[in-house]
Amino acid sequence: MFRHISIVDSVLASIDQHVAAHPPERGGGLLGPLGLPLIASFLPDSNAISTATTFRASPLFQRMLSRIEEAEPNLELKGIVHSHAEGVDHPSRGDAAAFADSLRLTPWLGRFVNPIVTNQNRRTEDHQVLLPNGLMSVFVSELTPHGSVDVRPARVQILPVGRDCAKLATALGAQAFTPSTVDVEGVGYVSVVLRTVGLQLKLLFPLLYPIQAPIVLAERTDEFDSRTSTLLHRFGVEHRNDRILPLPLTWDLNVPAESRLARALHAAPNPVR
């Protein structure tokens, strides 16, 4: 029986950079919006207390996490990712005990996401994600009524937000900012801002992306001029005095997933100057 978790692709890139590209044991915290099975950001712990077989979060990490949760009350710690020696792609007994302790201290979470990163280059199971520098095996822990911890593999859905926004930014000659999370009338989204001359695009990605279309809002900036008006026209929007405009999307599931966003926004093949 599998559990399910969604992960933004930019989180995987950060885990690869800070964990998989280094010898074990390295790790950090996984954060996401309250109450949703979504991991939207990664907080590396470069000062963790670790050996080749153990990993324990550092006091500095705990302080940084507390500051983040105070500044962004809609975010919560979803779990801890750390690396193991090659071939040990599952939680150890010590890991399971640490998971149980974490859940007892934070019973409101209900579950703890516990990926294990190893230096392997082949994906053989549904709960595994292949990284450029290794393999991440994803597990979810839950406390049982008897107080023990139940650790099971988790099927992973990757939200290709970073990939698609980078392509769109290149097509528009825009700058893409780091993904964040936002709550809109009780519904959670992954939010990315793209900024180009005279225009800022805010894209709100649902958990079912890229099957489900994002919401796209265009906001005029002080640099708005005829070039930006032409860009809006290419998006199918006539220039109006409204500062914020919703952009209409034609979301065609017959278009390959990696091209769907750019096609839906009528993105130019060359940067807009």
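In strand S9, Val117 turns up as the bridge partner of Ser83. That pairing belongs to a parallel arrangement, with two bridges joining S7 to S9. As the model is a predicted one, everything described here is computed from its coordinates. On its other pairing, S7 runs antiparallel to S2, and seven bridges hold that match. Within it, Leu30 sits opposite Gly79 of S7. Strand S7 spans residues 75-83 and is mostly covered, with nine of its nine residues counted as buried.

The nonpolar interior comes next. The largest nonpolar core has 46 residues, and the members that touch the most others are Ile15, Met136, Val161, Leu194, Leu203 and Phe205. Met136 gives a good feel for how this core is put together. Setting aside neighbours within four places in sequence, its contacts include Ile7, Leu12 and Ile15, along with Val81. Pro115, Ile116 and Val117 are also in contact with Met136, as are His127, Gln128, Val129 and Leu131. Val117, then, shows up twice: as a contact of Met136 and as the bridge partner of Ser83. A second, separate core is made of eleven residues, among them Ala48, Phe55, Ile80 and Leu103. In soluble globular proteins, nonpolar side chains do tend to be buried together.

Phe55 is a handy way into that second core. This residue belongs to strand S6, which covers residues 55-56. With a relative accessible area of 18%, Phe55 counts as buried, because the cut-off is under 20%. Not counting residues up to four places away in sequence, Phe55 touches Ala48 and Ile80, both of which are listed with Phe55 in the eleven-residue core. Its other contacts include Asp45, Ile49, Ser50 and His82, plus the run of Glu25, Arg26, Gly27 and Gly28. Phe55 and Gly94 lie 39 residues apart in sequence, and their C-alpha atoms are 9.5 Å apart in space.

Glu25, one of the residues touched by Phe55, has a backbone quirk of its own. The peptide bond between Pro24 and Glu25 is cis, with omega at about -5 degrees. Glu25 is found in the loop that runs between helix H1 (9-20) and strand S2 (27-33). A cis peptide bond also joins Tyr209 and Pro210, where omega is about 10 degrees. Pro210 is in the loop between strand S17 (199-205) and strand S18 (215-220). Glu185 stands out for another reason: its phi is near 50 degrees, a positive value in a residue other than glycine. The loop between strands S15 (180-184) and S16 (187-196) holds Glu185, and at 82% relative accessibility this residue counts as exposed.

Not every nonpolar side chain is tucked away. Leu208, Ile211 and Leu253 make a nonpolar surface patch of about 320 Å². Of these, Leu253 lies in the loop between strand S19 (244-246) and helix H6 (257-264).

Turning to charged pairs, a search of the whole structure finds eight salt bridges. In one of them Glu142 pairs with Arg3, with the closest N and O atoms 3.3 Å apart. Glu142 sits in strand S12 (residues 139-143) and Arg3 in strand S1 (residues 3-8), so this pair ties together parts that are 139 residues apart in sequence. Arg3 is buried, at 8% relative accessible area, whereas Glu142 is partly exposed, at 25%. Glu142 also meets Arg111 in a salt bridge, at 3.7 Å from N to O. Since Arg111 is in the loop between helix H3 (93-105) and strand S8 (112-113), while Glu142 is in S12, this bridge ties together parts 31 residues apart in sequence. Arg111 counts as partly exposed, at 25% relative accessibility. Arg3, Arg111 and Glu142 belong, with Asp150 and Arg152, to a network of linked salt bridges.

Another salt bridge brings together the side chains of Asp126 and Arg155, at 3.5 Å from N to O. Asp126 is in the loop between strands S9 (116-118) and S10 (128-131), and Arg155 is in strand S13 (residues 149-159), so the pair ties together parts that are 29 residues apart in sequence. Both ends are partly exposed: Asp126 has a relative accessible area of 39%, and Arg155 has one of 33%.

Technical notes:
Residues numbered from 1 in each chain as written. Predicted model: local features only at pLDDT ≥ 70, side-chain atom pairs only at ≥ 80, totals over all residues. Heavy atoms only, no water. Core = buried A, V, L, I, M, F, W, Y, C linked by side-chain atoms within 4.5 Å. Buried < 20%, exposed > 50% of the residue type's maximum accessible area, 1.4 Å probe, protein only. Contact = heavy atoms within 4.5 Å. Helix = DSSP H or I, 4+ residues; strand = E, 2+ residues; numbered from the N terminus. Patch = residues over 30% accessible without salt bridge, like charges linked within 9 Å, V, L, I, M, F, W, Y side chains within 5 Å. Areas by Shrake-Rupley, 256 points an atom, 1.4 Å probe, with all protein chains shown as cover. Salt bridge = Lys/Arg side-chain N within 4 Å of Asp/Glu carboxyl O. Pairing = 2+ DSSP bridges.
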